[in-house]
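Please walk through this structure with the model open beside you. The route goes from the overall layout to the sheet, and then to single residues.

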Amino acid sequence: MSDLAKCKMRLGLHCRECNRWVEILPQEWLDAGKPDVNYIEQKFKCSGCGRAASKQVRPPSDGLENANAYQGM
Ligand SMILES: [Zn+2]
């Protein structure tokens, strides 16, 4: 998790059952005193249905192009 925090990456968790997206901010995770888990090995459980959520590593939001990067055609 600390490697994600270092690159300011975010960890998105998706529960297909609940169609719910949750985003973990690794720096906040660590600041909260949670363990520096291996996010690849670690399973995250949906608090709604208890099923394992799928994971998606996302770039930092400030690293994205702004809305003008795409225009309507
Ligand atoms: Zn769920």
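**From layout to residues**

The protein has two helices and three strands. This is a predicted model. Read from the N terminus, the elements follow the order α-β-β-α-β. The chain holds 73 residues, and 8% of them count as buried. Now take the contacts between residues at least 6 apart in sequence. Of these, 64% join residues at least 24 apart.

Next, the sheet. In what order do the three strands lie? The order is 2-1-3, in an open sheet with antiparallel pairing. Strand 2 and strand 3 are the edge strands, and each of them pairs on one side only. Strand 3 covers residues 54-58. From one strand to the next, the twist averages 25°.

Look at the pairing of strand 1 with strand 3. Five bridges join these two strands in the antiparallel sense. For Leu13, the bridge partner in strand 3 is Lys55.

Stay with strand 1, which spans residues 10-15 and includes Cys15. Is Cys15 buried or exposed? Cys15 counts as buried because it has 20 C-beta neighbours inside 10 Å. The cut-off for buried is 20 or more. Which residues does Cys15 touch, once those up to four places away in sequence are set aside? They are Arg20, Cys46, Gly48, Cys49, Arg51 and Ala53. Ala53 deserves a second look. Ala53 and Cys15 are 38 residues apart along the chain, yet 4.7 Å separates their C-alpha atoms.

Now turn to two loop residues. Lys8 lies in the loop between helix 1, residues 2-6, and strand 1. Its phi is near 60°, a positive value in a residue other than glycine. Lys8 has 14 C-beta neighbours inside 10 Å, so it counts as partly exposed.

Asn19 sits in the loop that runs between strand 1 and strand 2, residues 20-24. What is the phi of Asn19 near? The value is near 50°, positive in a residue other than glycine. Asn19 counts as exposed because only 7 C-beta neighbours fall inside 10 Å. The cut-off for exposed is 12 or fewer.

To retrace the route, begin at Lys8, in the loop before strand 1. Move along strand 1 to Cys15. Then step into the loop that holds Asn19. Along that path, Lys8 is partly exposed, Cys15 is buried and Asn19 is exposed.

Terms used
Residues are numbered from 1 along each chain as its sequence is written. This is a predicted model: local features need pLDDT of at least 70, side-chain atom pairs count only at pLDDT 80 or more; totals for chains, interfaces and linings use all residues. Helices (H or I, at least four residues) and strands (E, at least two) are DSSP runs, numbered from the N terminus. Two residues are in contact if their C-beta atoms, placed from the backbone, lie within 7 Å. Two strands pair if DSSP finds at least two bridges between them. Axes are lines fitted to C-alpha atoms, for helices over the stretch in contact, and angles run from 0 to 180 degrees between N-to-C directions.
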